[in-house]
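Reader: Hello! I would like a close look at one part of this model, the surroundings of the bound ligand, and then a short tour of other local features that deserve a careful eye. Could you walk me through them?

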Amino acid sequence: MNVIELKNVEKVYNDSEIKVHAVRGVDLTFEQGEFTAIVGPSGSGKTTLLNMLGGLDKPTSGEIIIGGTKVSELKGSKLIDFRLHNIGFVFQSYNLIPVLSAKENVEFIMEMQGVPSKQRYLRAKELLESVGLGDRLDSRPNKLSGGQQQRVAVARALASKPKFILADEPTANLDTKSTENLLDIMEKLNHDAGMTFIFSTHDQRVVNKAHRVILLEDGVVTSDERQTPHQ
Amino acid sequence: MNLLKIAWRNLWRNKRRTAITASSILFAVFFAIIMRAQQLGSYGHMIKNAIESYSGFIQIQHENYQDDPSLENTFDCPEELISNLEKVQGVKAVVPRVETFAMTSTGTLTKGTLVIGIDPEKEQKLSNPENLLVRYRITPDVIARLKEKNQIPKEIIDKLNGLINNSYTSTGTIAMNLEIDKELNKEYLDIIASASQFPGKYLTKDDIGVLVSDRLSKYLIISIGDTLVLMGQGFHGSTAAGLYPVRGIVKFANPELDNKLIYMTLPVAQSFASLGSNVTTIAINLNDNSDEGMIAMQATLKGMILSKELTVKTWKEFNKILMQQIDSDNQTGKAFLALLYFIIFFGIFGTVLMMIHERYHEFGVVVSIGMKKTKLMFIIVFEMFFIGVIGVLSGMLISLPVLYYYHFNPYRLTGDMAQIIEDMGFEAIMPLAWIDTYILWQGFVVILMVILSCIYPLRKVMKLKESEALRA
Ligand SMILES: Nc1ncnc2c1ncn2[C@@H]1O[C@H](COP(=O)(O)OP(=O)(O)OP(=O)(O)O)[C@@H](O)[C@H]1O
Ligand SMILES: [Mg+2]
């Protein structure tokens, strides 16, 4: 089943003097359970594409359909609500609310969804345990390492039971060990729970773990291949 | 974990900024309150001096008296009118008076004077001249006697030398002038008091004598028991003249009055000016001195007074000069406050801007993952509101002891400033107003500033673009 469809998506940044054609005529589909890496040189349009996929930015033309909803046409609080219930986000860094503990950060998103507090607590605990942070429930982000913070972000993304998780260079600020650790967790969640991940990266070792690799060059998809993950 | 909790914790995130912002609000509120208290206190002081302890809050006059304060515009005041007025609920004092001018002379020296006829008993409830009686006077004689006795330390004698010719109504003021403690130096003070004692009595009900103001008495070089010659014009152009023994000297804080005032009993003044039972004014003080109370009383009294030629005026009507003085000073004061608020506004606004700038990325994250902008705005407003409330409440709190202290121990001005104020006819003190709703107003305005300063950041959140904020 196609979860996500991009139809002839274009993005032109017009605000500065020079027009930037960041994404050009992208047609893509993603299916439930995929584990996809988007790669490409700096400035190739990865972030722009992921932002549009996540409803954080609007395509200049073309359509983005997620689970039957034309996300590219949603606006304002409807769009925010759509994101809350359908998409999980992991950003490159500073993902978490600094004044909330790991557990509270995870609960926060469920609270916005209206999940009762008892359930929130149990699920947050379970999710943090699943990313290996069962012993850091009450730590504030500034007391966690970069890798730990990213794992909390993954737990938070999962907490809302999204259709898929978008991660723009989630490992960019992590050392090798944390990168591996985070990837293992994502892979496991993909494998065990069938969670769909779409992430961008510059890191060849991260690319190697992906089941599908989309190469973006100058805003154009120049290659889209499935692979067997390897080390 | 709700929004309030997040907002609350955010406050402690940048403790220093929160503290700086809250304390700048604190100081602003504190200064605003003190400034306002000083303004209101000085109006209160003026009103107390000029109105409460002299003219009364309400006066009954002949309708033409204000424009032409001559004896022709006096009115008949039978005993019955006074007693009826005294029976009105809320009336504290009813004091009939005759005011006229006379040349006062000792034979060699003459001066124009203001003659006031009073009912000695009733007047005690209003201007109470008995309190103003000079009881001590420092003369070279007094000092010579003290030196002889050799009981007073030299430095105090030296200071006394600077006070020659000063008159005092109490030993407290002597101590103050000598800059010595009343309790610690009680022994010396008693000696000085008994050496400098000055005779003089208040008027009795059917006294034929007069009380003379201190400066006037010094100008005329008179003392108790001397006789004064008063001459002037009486009712309907008759000649007024009489001889009056001096019973006492009274000291006014207001130098203008101190230079020219003579008190006599009402019947003596009426017969001096051939007024029969006419008076120039009936001064009335009230239990409730508020504007509302005063206006209500004015209406009540107007209903009581049947004679068409009489009017009932509030002090704001019969003392327009004081009224205007207060009004214009009030405007200036408010302009200063506005300036102060304006400065605070930019202080708060700066904090808000900095806060938004620092947290823009974070705002991008929370909106991206699904937080409604309205909730985010709520957090921001609550944070600022909270800082505002902390600042305002603590500002109010620290102002209270200051208000308390300086209300009861008013700051006494010295030097030229004091001279200027005394020349205007007031005692040179600066009392602060008592705690009242004006304090709440200062707080209210500052909270309003806080809310106003949130408008820009809130707009910024409204227009927040996730992809942009995330890049921040
Ligand atoms: N808000 C913007 N306004 C103008 N141009 C932009 C904006 N955002 C991105 N661009 C431009 O669009 C192009 C694609 O940028 P994008 O950030 O999507 O690339 P990227 O592949 O994510 O790069 P990187 O690997 O460095 O993160 C770049 O040329 C960039 O300069
Ligand atoms: Mg990027």
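Author: Gladly; what follows starts at the ligand and then moves on to a strand, some aromatic rings and two backbone angles.

Please keep in mind that this is a predicted model.

Let us begin with where the ligand sits. Ligand 1 lies between chains A and B. Its surroundings are made up of 15 residues, and the closest are A:Ser42, A:Lys46, A:Thr47, A:Thr48 and B:Arg471. By character, the shell around ligand 1 divides into four nonpolar, seven polar and four charged residues.

Now for the polar contacts, taken one at a time. A polar side-chain atom of A:Thr48 is found 2.5 Å from an oxygen atom of ligand 1. With A:Gly45, the contact is made by a backbone N or O atom, which lies 3.0 Å from an oxygen atom of the ligand. A:Ser44 also takes part through its backbone: one of its polar backbone atoms is 3.2 Å from an oxygen atom of ligand 1. On its own, ligand 1 has 630 Å² of accessible area, and the protein covers 71% of that. Two elements of chain A give two or more residues to the shell around ligand 1, namely β2 (20-31) and α1 (46-53). The most comes from α1(A), which gives three residues.

Next, a strand in chain B. In strand β7 (residues 210-213) of chain B, B:Val210 and B:Val212 point one way while B:Leu211 and B:Ser213 point the other way, and all of them are buried. This strand has partners that run in opposite senses relative to it. With strand β9 (residues 239-250) of chain B, β7(B) runs parallel, and four bridges join the two. Within β9(B), B:Gly248 is the bridge partner of B:Leu211. With strand β10 (residues 261-265) of chain B, β7(B) runs antiparallel, joined by two bridges. Here B:Val212 stands opposite B:Ile262 of β10(B).

On to the aromatic rings. Over all chains, a search of the whole structure finds 20 aromatic pairs. One of them is the stacked pair of A:Phe89 and A:Phe91, with 5.6 Å from centre to centre and 10° between the planes. Both A:Phe89 and A:Phe91 are buried. B:Tyr404 and B:Phe408 make an edge-to-face pair, 5.3 Å centre to centre with 65° between the planes. These two residues are separated by about one helical turn, because they are four residues apart in helix α15 (residues 373-408) of chain B. Chain B also holds an aromatic cluster formed by B:Trp8, B:Trp12, B:Phe378, B:Phe382 and B:Phe386.

Finally, two backbone angles that you may want to look at. Most residues other than glycine have a negative phi. B:Asn128 is not a glycine, yet it has a positive phi of about 40°. It lies in the loop between α4 (120-123) and β5 (136-137) of chain B. With a relative accessible area of 18%, B:Asn128 falls under the 20% cut-off and so counts as buried. B:Ser274, again a residue other than glycine, has a positive phi near 55°. Its place is in the loop between α11 (266-272) and β11 (278-279) of chain B. B:Ser274 counts as partly exposed, because its relative accessibility is 35%.

Terms used
Residues numbered from 1 in each chain as written. Chains lettered and ligands numbered in written order. Predicted model: local features only at pLDDT ≥ 70, side-chain atom pairs only at ≥ 80, totals over all residues. Heavy atoms only, no water. Buried < 20%, exposed > 50% of the residue type's maximum accessible area, 1.4 Å probe, protein only. Pairing = 2+ DSSP bridges. Near = heavy atom within 4 Å. Polar contact = N/O pair within 3.5 Å; in protein donor to acceptor, adjacent residues only side chain to side chain. Areas by Shrake-Rupley, 256 points an atom, 1.4 Å probe, with all protein chains shown as cover. Nonpolar A, V, L, I, M, F, W, Y, C, P; charged D, E, K, R; others polar. Phe/Tyr/Trp six-rings, centres within 6.5 Å; stacked < 30°, edge-to-face > 60°.
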